Amino acid sequence: MILLALMTIPLLAAALSAACRRALPAAALTLVGAVLTFLLALWAAAQVIAAPHHVLVAIPHWVALDGLGALILFLVALVSATAALFSVGYMEFGAAGTVRRYHVNFNLFMFSMITLI
């Protein structure tokens with residue numbers, strides 16, 4: 001279930017960011033979603049290490065995470081969390097519609113990267 005939550009959080013953050021009218025709530029949603037994704041990635045990596053065959057299975061034959069996938073997931077989540085943190089300051093000077101679109105696309109990119117792992 002943790003793997004499905006990892007895929008759902010960025011998608012939910014993208015949908016909520018698209019519904020925001022101002023840039024600040026979209027930035028906050030992106031940051032919270034990225035940090036939650038990072039924490040869940042750490043938890044998933046710990047579960048992969050503790051699993052008997054070092055594989056975490058959410059849906060048999062469809063969604064699973066092995067050791068290499070856990071490493072890549074950790075790196076993607078770490079880079080996403082730091083990018084979300086620093087993009088709040090960088091995107092502060094943009095127009096509200098542009099900043100909101102950036103956060104929607106950022107979350108969709110996170111969703112695609114995590115889903116492909």
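**Briefing: helix packing and the largest pocket**

In this predicted model, helix α2 (residues 23-50) packs with helix α3 (residues 67-90) at an angle of about 160 degrees, their axes lying 8 Å apart. Helix α2 also packs with α1, where the axes come within 9 Å and cross at roughly 175 degrees. The largest pocket holds about 160 Å³ of space.

**Helices α2 and α3**

- Angles over 145 degrees count as roughly antiparallel, and α2 and α3 are therefore roughly antiparallel to each other.
- The crossing of α2 past α3 is left-handed.
- By class, the contact of α2 with α3 has 18 nonpolar, four polar and no charged residues.
- Residues of α2 in this contact include Ala27, Leu31, Phe38 and Val48, and those of α3 include Gly67, Phe74, Ser80 and Val88.

**Helices α1 and α2**

- The axes of α1 and α2 cross at roughly 175 degrees, which makes α1 roughly antiparallel to α2.
- On the α1 side, the residues that meet α2 include Ile2, Ile9, Pro10 and Ser17; on the α2 side, they include Ala26, Gly33, Trp43 and Gln47.
- The contact of α1 with α2 divides into 14 nonpolar, five polar and no charged residues.
- Thr30, Thr37, Ala41 and Ala44 of α2 are among the residues that meet α1, and these residues are also among those that meet α3.

**The largest pocket**

- The lining of the largest pocket receives at least two residues from each of α1 (2-19), β2 (63-65) and α4 (96-116).
- Among the lining residues are Leu3, Met7, Trp62, Val63, Leu73, Ile114 and Thr115.
- By class, this lining has 10 nonpolar, one polar and no charged residues.
- Leu6 lines the largest pocket and, in α1, is also one of the residues that meet α2.

Methods:
Residues are numbered from 1 along each chain as its sequence is written. This is a predicted model: local features need pLDDT of at least 70, side-chain atom pairs count only at pLDDT 80 or more; totals for chains, interfaces and linings use all residues. Side-chain values use heavy atoms; hydrogens and water are left out. Axes are lines fitted to C-alpha atoms, for helices over the stretch in contact, and angles run from 0 to 180 degrees between N-to-C directions. Helices (H or I, at least four residues) and strands (E, at least two) are DSSP runs, numbered from the N terminus. Angles under 35 degrees count as roughly parallel, over 145 as roughly antiparallel, 65 to 115 as roughly perpendicular and the rest as oblique. A crossing is left-handed if the near helix is turned anticlockwise from the far one by less than a right angle, and right-handed if clockwise. Contact means heavy atoms within 4.5 Å. Ala, Val, Leu, Ile, Met, Phe, Trp, Tyr, Cys and Pro count as nonpolar, Asp, Glu, Lys and Arg as charged, and the others, Gly among them, as polar. On a 1 Å grid over the protein atoms alone, a cavity is a set of points where a 1.4 Å probe fits but cannot get out, and a pocket is an open set with protein on both sides within 12 Å along at least five of seven lines; lining residues have an atom within 4 Å of a point. Grid points are joined across faces, edges and corners, and a volume is the space filled by probe spheres set on the points.
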